[in-house]
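User: I would like to go through this model step by step. Please keep the answers short.

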Amino acid sequence: MRGGWRARNHPAYWAFMLHRVSGILLTLFLPLHFWALGHALGGAARLESFLIWTDQPLVKASEVAVVTLLAAHLAGGLRLLMLEFLAWRDWQQRLVAVAACITIGFGLGYLLNVV
Amino acid sequence: MNPRAQVQLWAAKRISAAVLALCVTVHLATMIYAVRHGLSATAILDRTQGNWVWAGFYLLFVLAVSVHAPIGLRTICGEWLGFNSRAVDVVLAAMGIALAAVGLRAVWAVFAS
Amino acid sequence: MTDKIDVTVWRGTEQGEFSHYSVPRLPSQTVLDVVTYIQRRLEPSLAYRFACRVGMCGSCAMTVNGVARWTCRTHVEKVAPHGVLEIAPLANLPVIRDLVCDMRSFFDKWVRAKGYFHPTATRTDPIVRVHPVTPARRAADAGIECIGCAVCYASCDVVAWNADYLGPAALNRAWTLMNDERDSGGDVRLAAVSGDAGCHACHTQMSCTERCPKKIAPTAAIAGLKRATLVALLAGRL
């Protein structure tokens, strides 16, 4: 598309891109998540040893990132459902801001409790 | 794919999205609770093992995401990778089933004692 | 403020390059004024489109500093405060030459979306009394001022990524007709606007709504089509 970022530099477009990218990353994460939980098949001890491994800074930082991505995808998705299913109103333009707040809220909630 | 099937696919994405909105909200709150209280594996499994409510919840969660993710990937494959044939649809459906299988194994893992 | 504007203009077809021109800066100058100056004084072979030059016809739409705009309604001061202007043809449409693009696919999609009136009455029937303040009439009125300038079409990423996608203007027009009580297009039109090439491919990027010079919101119209097609599906009419 001629113009590159110049024509795409507005909130609704950022919201779209964040929603799509977060969706892709979460889809890549999910099989790992299910595999990790499968460790419980070996009993609590096996799951516990796995959880101990996750207690390193890089893994914890990744967890915060994943939680934030999930919150972003949720908030963006709620915004989309409102835009598509409710009759069009002006306040819907501001849903991007609301979605951003929800995302940051959950992300911070996890971060502050995990460090 | 005829218009009817395409609208059904879109509807499946929105319905699964609505289900996931509830599941994800509960899940995020649960995760924040879990890390806040520093839950160990034993503590987590104590809560989930034999608990039909949690099992039912996570079953619904896994099924909803197994519908939601492949449909999203289908759009991205078509728009960003240029793949939009019947073969892609079949592969993505298979991936959805595989995801559900791994997910159901995980649900069983935390439910069965 | 500089007294000259540094203008780069696309020359050629799909293959080509940007040429550089220096244009004197004048008060209240529009981008169309700049293009006209270049063609008249500097480069007679430059091809470009315009007609009314007062923001009524939509013929002069081009990509100005990366953004699709009506050049007759774009003041140089607003988009090039530092005196640097880049002018290219509209995106997402084949280039005929220089700043002129081929609008055929844009209008073909309008027809494919059944964005034309299906009459129900004849000349012998009395004139239909359309109440101006019903929800349906308001929904139609919100979109009927479209003059087919293709700025929204040029601004849409889905149009760029999906060659079959009908695009915001065609879908907006289809929605206005769905809300016109005199029209009988109904379920046939809903089938035409459904699916991967239709309203369901819209990802609510809202670049169309952001850029429309008539302040129409095609995203709103497309959302309406999504709801209407879902209702038709559930009612077994699709």
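User: How many helices and strands does chain C have?
Analyst: This is a predicted model, and the values here are computed from it. The C-alpha trace of chain C spans about 65 × 35 × 30 Å along its principal axes. Of its 238 residues, 47% count as buried. The count for chain C is ten helices and seven strands.

User: What share of the contacts in chain C with a separation of 6 or more comes from residues 24 or more positions apart?
Analyst: The count starts from contacts in chain C with a separation of 6 or more. Those between residues 24 or more positions apart are then taken as a share, and that share is 64%.

User: How far apart do the C-alpha centres of domain 1 and domain 2 of chain C lie?
Analyst: The domain assignment splits chain C into domain 1 (4–101) and domain 2 (104–234). Twelve residues of domain 1 of chain C are in contact with 15 residues of domain 2 of chain C. The C-alpha centres of the two domains lie apart by 29 Å.

User: Which element gives the largest share of the side of domain 1 of chain C that touches domain 2 of chain C?
Analyst: Two elements give two or more residues to that side: β3 (61–64) and β4 (67–70) of chain C. By class, this side of domain 1 of chain C has seven nonpolar, three polar and two charged residues. The largest share is three residues, and it comes from β4(C).

User: How many bridges join β3(C) to β4(C)?
Analyst: β3(C) and β4(C) form a hairpin with two residues between them. In the turn, N65(C) has a positive phi of about 50°. A61(C) stands opposite W70(C) in β4(C). The strands β3(C) and β4(C) run antiparallel, and the number of bridges joining them is four.

User: Which residue of β5(C) stands opposite T63(C)?
Analyst: β3(C) also pairs with strand β5 (residues 84–88) of chain C. That pairing is antiparallel and runs over two bridges. Opposite T63(C) in β5(C) stands A88(C).

User: Which residues of β3(C) are buried on its two faces?
Analyst: Both faces of β3(C) are covered. One side holds A61(C) and T63(C), and the other side holds the remaining buried pair, M62(C) and V64(C).

User: Which residues touch the most other members of the largest nonpolar core?
Analyst: Nonpolar side chains tend to be buried together in soluble globular proteins. Here the largest nonpolar core has 116 residues, and the two that touch the most other members are I87(C) and L171(C).

User: Which element gives the most residues to this core?
Analyst: The core draws at least three residues from each of domain 1 (4–101) and domain 2 (104–234) of chain C. Its top contributor lies in chain A: with nine residues, this is helix α3 (residues 57–85) of chain A.

User: Which residues is I87(C) in contact with, leaving aside neighbours within four places in sequence?
Analyst: The list includes M62(C) and V64(C). Both of these are buried residues of β3(C). The full set is V7(C), V9(C), W10(C), V31(C), V35(C), M62(C), V64(C) and L99(C).

User: Which element gives the most to the side of chain A that touches chain B?
Analyst: In this interface, 28 residues of chain A are in contact with 27 residues of chain B. The chain A side divides into 20 nonpolar, six polar and two charged residues. α1, α2 (44–53), α3 and α4 of chain A each give two or more residues. With nine residues, the most comes from α1(A).

User: Is V65(B) buried or exposed?
Analyst: V65(B) sits in helix α3 (residues 52–81) of chain B. It touches L30(A) and L20(B), not counting residues up to four places away in sequence. The cut-off for burial is 20 or more other C-beta atoms within 10 Å. V65(B) has 23 of them, so V65(B) is buried.

User: Which helix gives the largest share of the side of chain C that touches chain B?
Analyst: Eleven residues of chain C are in contact with ten residues of chain B. The chain C side divides into five nonpolar, five polar and one charged. Its largest share, three residues, comes from helix α10 (residues 218–234) of chain C.

User: Which element of chain A has the lowest mean pLDDT?
Analyst: Chain A averages a pLDDT of 86, and 96% of the residues score at least 70. The highest mean, 94, belongs to helix α1 (residues 11–37) of chain A. The lowest, 80, belongs to helix α4 (residues 95–114) of chain A.

How values were computed. Residues numbered from 1 in each chain as written. Chains lettered and ligands numbered in written order. Domains from an automatic or database assignment. Contact = placed C-beta atoms within 7 Å. Nonpolar A, V, L, I, M, F, W, Y, C, P; charged D, E, K, R; others polar. pLDDT = per-residue confidence, 0-100. Buried ≥ 20, exposed ≤ 12 C-beta atoms within 10 Å, placed from the backbone. Core = buried A, V, L, I, M, F, W, Y, C linked by C-beta atoms within 7 Å. Pairing = 2+ DSSP bridges.
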